[in-house]
Structures are given as C-alpha cells and as structure tokens.
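Reader: I have a structure open and would like to go through it with you. Could we take the helices, the chain contact and a few backbone details in turn?

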Amino acid sequence: MELFILDGYGQFVWPAFIFTIVSCFFLYLKTKKEFHKQEKIYLKEFKQLETKKIEVDKKREVLSGRLI
Amino acid sequence: MFKNFFPSKILSITNNTINGLVILLVVVVVIGLTYSLFLSPPDYIQGDSVRIMYVHVPSSFIALSCFGFIGIASICNLIFKIKFMPLLAKSLSPIGCVFSLISIVTGSFWGKPTWGIWWVWDARLTSMAILLLFYIAYILTWKFINNFEKANKISSIIGIIGLFNLPVIKYSVDWWNTLHQPSSITLTSAPTIHYTMLVPLIIMFFGMIIYSLIIFLMRYKTEIMKFKLNKKKYHK
C-alpha cells in the first residue's frame with residue numbers, strides 16, 4: 001500500500017505516469033491504424049506495378065541472354 | 001546517415017523491424033518503470049514527488065529535439081528544396097506535440113507539491129506552452145491546407161519561427177528568475193544528480209527514444225505512401 005501512497009505524493013506521481021502512458025498509447029494506436037490503412041491502399045495500387053516490373057526485367061534478362 | 005532517410009530506404013523497412021522495436025520498447029519501459037516507481041530512492045528534499053522527473057525530463061527533451069529537427073528540415077526544405085524534408089518534418093510533429101503536452105502536464109503534477117501551485121506564468125513554463133502552440137499550428141497547417149505546396153511553405157515558415165523559441169526554453173532558467181530549477185544534466189558538465197536516480201532516468205530516456213523512433217518510422221512510411229499515391233493520381 002505504501003508503494004501507491006508514496007509518502008503522500010502518490011496523488012501526483014501516479015496521474016503523471018498514467019497520463020504519459022495513456023497519451024503515448026493513444027498516439028501509438030492512432031499511428032498504427034493509419035499506417036495499416038495506408039499500407040493496404042498502397043499495396044493494392046502498387047503491387048501489380050511491381051509484379052509487371054519484375055516480369056519486364058525477366059524478359060529483358062532472357063532477351064539479353066539470347067543476344068549473347 | 002542522410003541517405004537513411006531517403007523514401008526508398010524507409011519503404012524497405014519491414015513491419016518485422018517495427019515489431020522488433022516494439023518488443024524492445026516493452027522490455028525497456030517495464031525495466032524503466034520498475035526502477036523509477038519502486039527501486040529508485042526518494043529525494044531528500046522533494047521526497048517521492050521526484051519520481052515525476054523520470055517522465056517529465058525525457059519528454060521535455062524529446063519535445064525540444066523534435067522541433068529542432070522540424071526547424072532544420074524546414075530550412076533545408078525552403079533553401080535546398082529537398083523533397084522528402086517536409087514529409088520527415090510532418091512525421092515528427094505529432095511526436096513532439098504529444099511529448100510537449102506530457103511535459104507540461106507532468107510538470108504541473110510536479111509543480112503542485114513542490115511550489116504549491118499547478119501553473120505559473122514563469123519563463124520556462126510559458127516558453128514550453130508556446131512550443132506546444134507552435135506544434136499545434138504546424139499540425140493544423142498540414143491538416144487544413146489541401147494544397148501541398150502551400151501547406152509546405154506555411155508549415156516551413158512556422159518551423160523556422162518556432163526554432164527561435166528553443167534557445168529561449170533552454171536558457172530561460174538562466175536568463176530570468178524562474179520557479180523552475182536549472183538543468184541537472186548538461187552536455188558540458190557532469191550531471192548533478194546521484195547515479196541511483198540517473199540510471200532510471202537514462203533507461204526512461206532510452207525507452208522514450210525507442211518509442212519516438214517507432215512512431216516516426218510508421219508515420220514517415222505512411223506519409224511517403226500517401227505522397228506516392230497522390231503523385232500517381234495526379235499523373236493519371
């Protein structure tokens with residue numbers, strides 16, 4: 001119990017720590033949510049392009065191999 | 001070092017790296033909280049209220065550092081027109097904003113038992129409140145101005161003007177008579193606090209820096225993806 005009362009300073013120390021943790025956690029959740037949402041949209045838009053790019057590169061490799 | 005902030009480098013960072021950092025953060029924070037709340041000794045004058053220092057000091061440091069980076073990025077953006085600088089600065093702003101708010105609130109919780117008052121229009125406290133206002137103005141500029149170039153210009157100006165506030169915050173305790181105590185840790189001299197308090201403070205510092213890095217990586221990656229998607233839409 002003494003750990004929570006902290007010699008009468010618990011009423012200041014605990015809210016300070018709780019406020020810090022809650023604020024940080026809130027920002028983390030908000031950032032993570034936005035990040036995953038954006039990542040989904042981005043992958044949907046660009047994955048196809050990247051696959052096409054790889055296919056084109058492979059074709060080029062094959063062609064250069066034939067030339068050699 | 002500079003090349004590590006290039007969008008292609010940032011986009012190549014996998015989610016596993018971020019998850020690894022989160023695990024490291026949890027470990028560091030658990031150790032830091034155990035030390036700062038239970039193991040470190042109370043101060044001989046301030047008693048157990050000194051424990052607030054373990055969240056107040058690192059958050060103030062990060063709030064100031066983030067705006068320092070934003071200011072430098074704004075200068076680089078306006079003068080050298082480095083394209084990814086506004087995205088970098090924009091990603092740092094919510095981190096700095098949250099930490100300056102934490103610094104002010106935890107400072108109030110520390111001020112009440114120490115000074116007998118929650119808030120005073122003291123030079124350090126007022127300049128810190130001004131920093132929070134700069135952060136809010138910076139974030140709102142990006143939020144409410146839809147034109148990228150316009151938002152970029154206005155936010156850069158805010159970033160540069162806000163930069164002048166940083167030395168005021170740092171030296172306010174030396175320049176004016178304030179209720180706020182002078183710095184216990186400086187770069188030029190040895191710390192004036194005992195190692196039993198310095199160790200948890202360093203652990204909490206480390207934890208908050210890892211936390212900021214995680215948020216920064218996620219936000220910067222988000223901003224780069226948004227930018228690329230908008231660019232693609234524009235070219236269509």
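Reader: To begin, which residue just after helix 3 of chain B takes a positive phi?

Author: This is a predicted model. In it, B:Lys81 has a positive phi of about 55°, just after helix 3 of chain B ends.

Reader: And how many residues does helix 3 of chain B have, and how far does it reach?

Author: Helix 3 of chain B has 28 residues, and the distance from its first C-alpha to its last is 39 Å. That is close to the 40 Å expected at 1.5 Å a residue.

Reader: At what angle do helix 3 and helix 4 of chain B pack?

Author: The angle between helix 3 (residues 53-80) and helix 4 (residues 85-115) of chain B is about 155°, and their axes lie 7 Å apart. Helix 3 of chain B is therefore roughly antiparallel to helix 4 of chain B, as the angle is over 145 degrees. Their crossing is left-handed.

Reader: What classes of residue make up the contact of helix 3 with helix 4 in chain B?

Author: That contact has 18 nonpolar and 11 polar residues, with no charged residues.

Reader: Staying with helix 4 of chain B, I see B:Trp110 there. Is B:Trp110 buried or exposed?

Author: B:Trp110 is buried, because 23 other C-beta atoms lie within 10 Å, and the cut-off for a buried residue is 20 or more.

Reader: Which residues does B:Trp110 touch, leaving aside those up to four places away in sequence?

Author: B:Trp110 touches B:Ser49, B:Ile52 and B:His56, together with A:Phe12 from chain A. As for B:Gln46, it is 64 residues from B:Trp110 along the chain, and the two C-alpha atoms are separated by 9.6 Å.

Reader: A:Phe12 brings us to the other chain. How many residues of each chain are in contact?

Author: On the chain B side there are 30 residues, in contact with 24 residues of chain A. The elements of chain B that give two or more residues to that side are helix 2 (15-39), helix 3, helix 4 and helix 8 (195-235). By class, the chain B side has 18 nonpolar, 5 polar and 7 charged residues.

Reader: What about chain A itself: how many helices and strands does it have?

Author: Chain A has 2 helices and 0 strands. Of its 68 residues, 12% are buried.

Reader: Which residues of chain A, in the loop between helix 1 and helix 2, have a positive phi?

Author: A:Leu6 is one of them, with phi near 50°, in the loop between helix 1 (2-5) and helix 2 (10-67) of chain A. A:Asp7, in that loop too, has phi near 60°. A:Leu6 counts as partly exposed, with 19 C-beta neighbours inside 10 Å, whereas A:Asp7 is exposed, with 11 other C-beta atoms within 10 Å.

Reader: Back to chain B. How do the axes of helix 5 and helix 7 cross, and what is their distance?

Author: The axes of helix 5 (residues 123-144) and helix 7 (residues 165-175) of chain B cross at roughly 160° and come within 8 Å. That makes helix 5 of chain B roughly antiparallel to helix 7 of chain B. The crossing of this pair is left-handed.

Reader: Which residues meet there?

Author: From helix 5 of chain B, the residues include B:Ala123, B:Met128, B:Leu131 and B:Phe134, and from helix 7 of chain B they include B:Val168, B:Ile169 and B:Val173. By class, the contact of helix 5 with helix 7 in chain B has 8 nonpolar, 3 polar and 1 charged residues.

How values were computed
Residues numbered from 1 in each chain as written. Chains lettered and ligands numbered in written order. Predicted model: local features only at pLDDT ≥ 70, side-chain atom pairs only at ≥ 80, totals over all residues. Axes fitted to C-alpha atoms, helices over the stretch in contact; angles between N-to-C directions. Helix = DSSP H or I, 4+ residues; strand = E, 2+ residues; numbered from the N terminus. Parallel < 35°, antiparallel > 145°, perpendicular 65-115°, else oblique. Left-handed = near helix turned anticlockwise from the far one by under 90°. Nonpolar A, V, L, I, M, F, W, Y, C, P; charged D, E, K, R; others polar. Expected span 1.5 Å × (residues − 1). Contact = placed C-beta atoms within 7 Å.
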